[in-house]
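Me: I have a model open and want to go through a few parts of it. Can you take short questions as I go?

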Amino acid sequence: MGRAGTGTRGAAVAVAVAGPLLLLLLAGAPPAAAGDAKKSDVRLVSEQFSQSPQKLSFYSWYGSARLFHFRVPPDTVLLRWLLQVSRGGGPACTDVEITVYFRYGAPPVINPLDTSFPANTSVQPSFLIKMLQSNASVNISHPAPGDWFVAAHLPPSSQKIEVKGFVPTCAYIFQPDMLVLRAVEVFILEPDVPLPQTLLSHPSYLKIFIPENTRELRLELQGCATNGSLGCPVRLTVGSATLPRNFQKVLTCVSPSWACHLLLPSPPWDRWLQVTARSLAGPHVSVAFRAVAALTACRPWTLNSQHLLPSGTNQSCNASAGLLPPSPGSRGPGRSSRLGSGPFCLMSYPVLREDMDVVSVRFRPVDRVSMLVRSAVPSVLRLHLNTGMDSGGSLTVSLQANQTAVTNNTLVVVCVNAASPFLSFNTSLNCTTAFFQGYPLSLSASSRQADLVIPYPETDNWYLSLQLVCPESPEECEQTSVLVETTLYLVPCLNDCGPYGQCLLLRRHSYLYAGCSCKAGWRGWSCTDNSTAQTVAQQRVATLLLTLSNLMFLAPIAISVHRLLLVEASVYAYTMFFSTFYHACDQPGEAVLCILSYDTLQYCDFLGSGVSIWVTILCMARLKAALKHVLFLLGTLVFAMSLQLDRRGAWNMMGPCLFAFVVMVTMWVYRCGHRHQCYPTSWQRWGFFLLPGISMAAVAVAIYTSMMTSDNYYYTHSIWHMLLAGSAAFLLPPREEHTKPWACSQKLTCRYQICKSHREELYAVT
């Protein structure tokens, strides 16, 4: 008999949330589902799951998308996603379009930039919705239990390089909540045991366990009666909903004159299969029937090395080791023409799973490299990708047939499926099982190698099925076998993202997944799309521009040394050196040279740029030597601290520079009042040095803050280097005329000298 499955945890939840949460779910449910749930709320309990919100980013690569990982409990009949978006940053921030993706079993494979994927990559369209600054909801009836993923991002990022602090920072916060209705009264349908059911206004929830090695499932309704008379207005929904593809089967029974049944080849192995029976009659009409499930078993022939010997005969096998003996009168798979009607329907090869690193696994048949493929039954490999941590990489399948075994009349057909293998090669070659559309491959005399890449494979057991077929002369395949070499890997990134990409490991809580960050204009899932890529010549020109433009600092270095401004000269030399080698290391592609770590070079470059501006402005103030050098040191320490806090923050550099500018203006105003004339006093100084230097500095700031984009970065940033160095050369103060840099005015008998600097109006003891 059927048994109703109940749980104490579900009962407790039902009492606790029988109010607002259940009503909220019903408010967003489809009319039919909501009506059924309202009338049967005693059999349903509601649960809510949430995760911490995340700040969304404009899309540039997969790491820009924010990923959320949920687990849907078993026996869920209704799933509702509540999507909430909040905006922060002030009135300058506007509403933007947010794209949200959903997928069962693995992170969604997305392509907002419409780039190309690598060769032999199989990608299914993503299920997505677009929303503005508002809340939205998505309802899914009878969702598959297990891992569900939600990803969200803002529109593709613009090419403009924005300096942090000069533009308003807009924050878009996204948070999905998952609400579920779960059935606590589920009838278990046992094989070959009729289960009586009576439908009124609410559906019946059933489930049947599909054991491993099931070849076919047959569901049938018997003895249908409507209010005591013949009739069968019943609709069966078999299976669970998945996204982006849904393979639920719907069986509608109306006429009582013909048998109402459903055949499912290769149903998913080793799991519960949900069945929902719904009445199509009126709300007060009783429909009675008996549900019967029949399973067709498939006995595998598990092979080891001794079974593949050409001279092998009947051998006794150890059942505890998973090896099934041949049936009486047969000589094993592939050695009898009567095998097609025998009990063995597949040859199963044991597979060794070798974990090599994070999201990195190697699969290979035990004790062999090649698989023996015949025409009698499929050869099957099972790949264990059900740990929950294997869906964040790419499954790569590479097959190569023996060069002499495949003839013009033979063909090796391959199917890659999840949940259950494809076994019906004799009737169809579409690789379709009950609830999964597989990936077809083939090996022939003209193409002895086949490759397949599946990004982010679903969390499940995957099966590789191979069988030899002869379309023109089937009898030719009876005595033929082909050795197929398999190379099976789960890798974080295909080919490590190539020479123009970097494979980065991403994390959401404890879940790890990988993505490619491309450079040099290359794009795509594995950085293989060269539609906007830079040529090698362009890369070299960009590197030369960004590095050689720093030679402009030779001008302020020479002027500083000539005017005995040795500290300033040292700062300019430091900036020139580290800016040159930072940009040599920062380049993508082939023109790269890193003498230190990238982070160290970047820090030194930013520090040198800030301190160069700092010492130039303070030098223009013409402070006393002691005070000037104290401010030099304090400013350098402040820059070092601020860059450690936020290296990209504009005001971390602009703040100290503005302070130095205030000091300079204060000293100039003081001298103007003290001397009763404008300072500097010479119009030549203003016209030929100060105004050109200030103009160059203003243009440099304008370029740095508002004109740089990803496309013109190499040119605009090189101009920034030259303008920064040129402005420093023009703005450095001159040496006093008709006076040596240091003149000794008096000698003391105590061997000390009092030296006077007319330029700085300071007496110092040396």
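What follows is a short exchange on salt bridges, a sheet and the annotated membrane segments.

Reply: Go ahead; keep in mind that this is a predicted model.

Me: How many salt bridges does it have?
Reply: The count comes to twelve. One of them joins the side chains of Arg87 and Asp95, at 2.6 Å from N to O.

Me: Are Arg87 and Asp95 buried or exposed?
Reply: Arg87 is partly exposed, because its relative accessibility is 39% and the partly exposed class runs between 20% and 50%. Asp95, at 44%, also counts as partly exposed.

Me: And what about Glu220, which residue does its side chain meet?
Reply: The side chain of Glu220 forms a salt bridge with that of Arg218, at 3.5 Å from N to O. Glu220 counts as buried at 18% relative accessibility, because the cut-off for buried is under 20%. Arg218 is partly exposed, at 29%.

Me: Which residue does Arg353 bridge to?
Reply: Asp390, with an N to O distance of 3.0 Å. Arg353 lies in strand β24 (residues 351-357), whereas Asp390 is in the loop between β27 (379-385) and β28 (394-401), so the pair ties together parts that are 37 residues apart in sequence.

Me: Is Asp390 buried or exposed?
Reply: Asp390 is buried, with a relative accessible area of 4%. Arg353 is partly exposed, at 22%.

Me: Which residues share that network?
Reply: Arg353, Asp355 and Asp390 are joined into one network by salt bridges that share partners.

Me: Changing topic. What is the strand order in the open sheet of six strands?
Reply: The order is β22-β23-β27-β32-β29-β30, and the pairing is mixed. β22 (299-302) and β30 (439-443) are the edge strands, each pairing on one side only. From one strand to the next, the twist averages 30°.

Me: How do β29 and β32 pair, parallel or antiparallel?
Reply: Antiparallel, over eight bridges, between residues 411-418 of β29 and residues 460-469 of β32. Within that pairing, Val414 has Leu466 in β32 as its bridge partner.

Me: Last topic. Where does UniProt put the transmembrane region?
Reply: The unreviewed UniProt entry lists residues 541-566, 626-645, 651-670 and 686-707 under "transmembrane region".

Me: What does the chain look like over 541-566 in terms of helix and strand?
Reply: Residues 541-566 are 69% helix and 0% strand, with the end C-alpha atoms 34 Å apart.

Me: And 626-645?
Reply: Residues 626-645 are 100% helix and 0% strand, and their end C-alpha atoms are 29 Å apart.

Terms used
Residues are numbered from 1 along each chain as its sequence is written. This is a predicted model: local features need pLDDT of at least 70, side-chain atom pairs count only at pLDDT 80 or more; totals for chains, interfaces and linings use all residues. Side-chain values use heavy atoms; hydrogens and water are left out. UniProt positions are given in the numbering used here, feature names are shortened, and annotations may be inferred rather than shown by experiment. Helices (H or I, at least four residues) and strands (E, at least two) are DSSP runs, numbered from the N terminus. Two strands pair if DSSP finds at least two bridges between them. Axes are lines fitted to C-alpha atoms, for helices over the stretch in contact, and angles run from 0 to 180 degrees between N-to-C directions. A salt bridge is a side-chain nitrogen of Lys or Arg within 4 Å of a carboxyl oxygen of Asp or Glu. Buried means under 20% relative accessible area, exposed over 50%, partly exposed in between (1.4 Å probe, protein chains only).
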